[in-house]
Amino acid sequence: MIKLKKIAKRLFKPKTRETGNGLYASLEELMAMRQSAAYVRSIRKKKSYSHQSGDIKSAFKGRGMELEEVRAYSFGDDVRDIDWRITARKEQPYTKVFNEEKDHEIYVWLDLSGQMLFGTKKELKSVTAAKLASLLGWVSLENKDRFGCVIYDGRNTYVFKPQNNRAQLMAILKKTAQVSEEILSRKDQGEKEGHLRSLKMLEQSVKNRASVFLLSDFNFLDEAEKLQLAALARKTELFLINVFDVLEELPPKSGEYMAQYEGKRLIFDTNSKVYQKDYRTYFAQKRKNLQDFCRRVGCKLIDFRTDMDVTQNIKIF
């Protein structure tokens with residue numbers, strides 16, 4: 001009887017899933033995002049009868065060649081689809097709605113450079129970005145869209161051309177998991193103009209009218225990078241997913257803290273109300289600048305905090 005119990009424990013013992021403990025994205029974690037993709041798919045199947053439109057147009061509703069209908073313009077619709085003749089006649093904006101395009105191209109640019117190695121609660125920003133990229137890949141596969149990925153690790157750029165097969169997605173996930181772990185042992189932050197060069201490679205790879213997701217904290221953005229993003233926005237349906245940590249948005253609790261920067265140790269006091277206000281203002285201003293830029297070039301901005309569950313923000317689907 002005792003032997004049978006031991007055998008039963010071995011046979012039915014739950015398998016533990018290896019994880020990176022928030023420091024890196026393991027292959028098992030990235031593969032597990034398929035379950036979240038199924039959840040997203042079930043949400044998308046629920047038909048909405050609300051007259052209120054969301055603020056983000058889904059990237060998984062392609063622009064087909066066949067016109068389905070012309071209806072009143074709603075906030076979030078693509079301005080390129082406005083029917084100007086009907087708009088002039090009705091004296092209010094109307095937009096064209098196309099049948100869902102098959103074989104749509106989805107591209108992800110994944111920033112796994114050194115600046116993404118920051119996180120104070122659940123996981124590093126690099127891990128959150130990797131999980132979101134994996135989720136987009138699984139949703140694309142189930143939606144029968146062609147999925148491509150460009151991974152930037154601070155030094156090198158790895159380009160995976162868009163395909164619609166599981167083998168391609170697995171190759172992307174394996175490389176993502178490998179890079180996510182390898183960057184932890186890097187001593188340098190990478191090349192100064194590496195982001196710009198990587199984004200140029202992305203633009204050369206994508207086709208017109210593709211949906212492109214950039215996963216980063218966008219702390220690298222300078223005028224040259226902004227011009228490159230503007231060029232991408234003119235060519236594609238561009239989504240900027242701003243990954244950030246809670247400590248970047250909200251100041252730490254009142255007290256004295258020690259920090260180290262470039263080999264120097266600093267002690268700073270967070271009790272001051274001025275400090276608390278300036279801390280919040282700095283992040284809010286960065287977000288506003290990013291929002292203004294996206295509004296100006298016509299791309300979509302989606303904020304995502306590292307302590308959120310990846311299925312909490314499904315408006316991009």
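**Exercise 1. Work out how β4 pairs with β5 and what sits between them.**

Let's start with the pairing: in this predicted model, β4 and strand β5 (residues 157-163) run antiparallel and share five bridges. For one concrete contact, take Ile151, whose bridge partner in β5 is Tyr158. Next, look at the connection: four residues separate the two strands, giving a hairpin. Check the backbone in that turn and you'll find Gly154 with a positive phi of about 100°. While you're at Tyr158, look above its ring: the charged end of Lys175 sits there, 4.2 Å from the ring centre.

**Exercise 2. Find how β3 and β4 are joined, and give the handedness of the unit they belong to.**

Begin with the bridges: seven of them join β3 to β4, and the two strands run parallel. Val108, for example, has Cys149 in β4 as its bridge partner. Now follow the chain: β3, helix α4 (residues 125-142) and β4 together make a β-α-β unit, and that unit is right-handed.

**Exercise 3. Sort the residues of β4 by the way they point, then decide whether they are buried or exposed.**

Take one side first: Arg146, Gly148, Val150 and Tyr152 point one way. Phe147, Cys149 and Ile151 point the other way. As for covering, both sets are buried, which agrees with the count for the strand, seven of seven residues.

**Exercise 4. Classify the ring pair Trp109–Tyr152 and say where its members lie.**

The whole structure holds eight aromatic pairs. In this one, the ring centres of Trp109 and Tyr152 are 6.4 Å apart with 15° between the planes. Planes under 30 degrees apart count as stacked, so the pair is stacked. Then place the partners: Trp109 is in strand β3 (residues 105-111) and Tyr152 in strand β4 (residues 146-152), 43 residues apart, so the pair links distant parts of the chain. Trp109 is buried because its relative accessibility is 0%. Tyr152, at 1% relative accessible area, is buried too.

Now compare Phe244 and Phe283: their centres are 5.1 Å apart and their planes 50° apart, a tilted pair. Phe244 lies in strand β7 (residues 237-244) and Phe283 in helix α9 (residues 273-297), 39 residues apart. Both are buried.

**Exercise 5. Which residues do ring pairs link into a cluster with Trp109?**

Go from ring to ring: the cluster takes in Trp109, Tyr152, Phe218 and Phe220. So much for rings on rings; for a charge on a ring, look at Lys300, which lies over the face of Phe239, 6.0 Å from the ring centre.

Conventions. Residues are numbered from 1 along each chain as its sequence is written. This is a predicted model: local features need pLDDT of at least 70, side-chain atom pairs count only at pLDDT 80 or more; totals for chains, interfaces and linings use all residues. Side-chain values use heavy atoms; hydrogens and water are left out. Rings of Phe, Tyr and Trp (its six-membered ring) pair if their centres lie within 6.5 Å; planes under 30 degrees apart count as stacked, over 60 as edge-to-face and the rest as tilted. Buried means under 20% relative accessible area, exposed over 50%, partly exposed in between (1.4 Å probe, protein chains only). A charge sits over a ring if NZ of Lys or CZ of Arg is within 6 Å of the ring centre and within 35 degrees of the ring normal. Two strands pair if DSSP finds at least two bridges between them. A crossover is right-handed if, with the strands pointing away from the viewer, the path from the first strand over the helix to the second runs clockwise.
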